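These are my notebook entries on a structure that I had not examined before. I set down each item in the order in which I looked it up.

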Amino acid sequence: TNNTIYYIAVTAYDGKGNESDYSIEISVIPTLSGGIMGFVSFDKEYYSQTDTAVIALRDMDLNTNPASVDNVEVKIISSSDINGITINLRETNVDSGIFTSTAFGKNLGFTSGGSDDVNELIKVVHGDTITVLYNDIVPSQTRTDQALLDVPPFIPSNPVPENGAIEQPLSLILRWQGGDPD
């Protein structure tokens, strides 16, 4: 609750579960005037050209009317379009502070043509970084998340030796055709 002192102990563990010889203790006093730090995210780290991306944002400070569902805007840019587009997110429920593109009824799409604010399409080419940005009011800071436009690797083909080959040496070198277009 507001103005209550919280004491937190932090201890580090390695990947094998061994505890560090050192730990730290901190105290914090939350206040309502400090605001609630928000965050924005894509639903995946990688997308193909034909995918759609769901954008989610959580920030109670943007819940401006607790009696109704609110809308917010976020900016989307890509390596191919640094001016980007603006898309709308809608709060998932009254007074939730959680906003998504799905709740608004239109997720982000990708195009190799020009970006389109109306249809919420961002111009991308293979290997582009896609960034979503919004301005958190309290504490004042731009929040971001990033994803990559990726193309799946080619299907492996023409293995050497062929499938079912017999009498192969123990020091065999396997070869095939394939690769990654990125």
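**Entry 1: Thr131**

I began with Thr131, which I located in strand 12, residues 129–136. The model I am reading is a predicted one. I then asked whether Thr131 is buried or exposed. Thr131 has a relative accessible area of 9%, and because the limit for buried is under 20%, I recorded Thr131 as buried.

Next I listed what Thr131 touches, leaving out residues up to four places away in sequence. I noted Phe42, Lys75, Ile76, Ile77, Thr144, Asp145 and Gln146. With one of these, Gln146, Thr131 makes a polar contact from side chain to side chain at 3.0 Å. I also found that Thr131 stands opposite Gln146 in strand 13.

**Entry 2: the sheet around strand 12**

I followed the two strands further. Strand 12 and strand 13 run antiparallel and are joined by 8 bridges. They form a hairpin, with 4 residues between them.

Which order do the strands of the sheet take? I read 3-6-9-8-7-12-13-4 for an open sheet of 8 strands, and the pairing is mixed. Strand 3 (39–42) and strand 4 (46–47) stand at the edges; each has a single partner strand, so one side of each lacks a neighbour in the sheet. As general background, I noted that strands of a sheet pair through backbone hydrogen bonds, either parallel or antiparallel.

I then examined both edges. At one edge, strand 3 runs antiparallel to strand 6 (residues 55–58), and 4 bridges join them. Here Val40 stands opposite Leu57 of strand 6. At the other edge, strand 4 pairs with strand 13 (residues 141–149) in the parallel sense, over 2 bridges. Tyr47 has Leu149 in strand 13 as its bridge partner.

**Entry 3: Ser79**

I turned to Ser79, which I found in the loop between strand 7 (71–78) and strand 8 (81–91). Its relative accessible area is 46%, and I therefore entered Ser79 as partly exposed.

Which residues does Ser79 contact, apart from its neighbours within four places in sequence? I found Asp128 and Thr129. Ser79 and Asp128 are 49 residues apart along the chain, yet their C-alpha atoms are separated by 5.2 Å. As for Thr129, the side chain of Ser79 reaches its backbone nitrogen at 3.0 Å.

**Entry 4: salt bridges**

How many salt bridges are there? I counted 2 salt bridges. One joins the side chains of Lys44 and Asp51, with 3.2 Å from N to O. Lys44 is partly exposed at a relative accessible area of 36%, and Asp51 is partly exposed at 22%.

Another salt bridge is formed by Asp136 and Arg143, whose closest N and O atoms lie 3.1 Å apart. I looked up the cover of this pair as well: Asp136 is buried, and Arg143 is buried too.

**Entry 5: a nonpolar patch**

Lastly I looked at the surface. Ile8, Val10, Ile24 and Ile26 form a nonpolar patch there, with about 320 Å² of accessible area together. The elements that give two or more residues to this patch are strand 1 (6–13) and strand 2 (19–28). I checked Val10, whose place is in strand 1. Val10 has a relative accessible area of 39% and is partly exposed; a patch residue needs over 30%, so Val10 passes that cut-off.

Key: Residues numbered from 1 in each chain as written. Predicted model: local features only at pLDDT ≥ 70, side-chain atom pairs only at ≥ 80, totals over all residues. Heavy atoms only, no water. Salt bridge = Lys/Arg side-chain N within 4 Å of Asp/Glu carboxyl O. Buried < 20%, exposed > 50% of the residue type's maximum accessible area, 1.4 Å probe, protein only. Polar contact = N/O pair within 3.5 Å; in protein donor to acceptor, adjacent residues only side chain to side chain. Contact = heavy atoms within 4.5 Å. Pairing = 2+ DSSP bridges. Patch = residues over 30% accessible without salt bridge, like charges linked within 9 Å, V, L, I, M, F, W, Y side chains within 5 Å. Areas by Shrake-Rupley, 256 points an atom, 1.4 Å probe, with all protein chains shown as cover.
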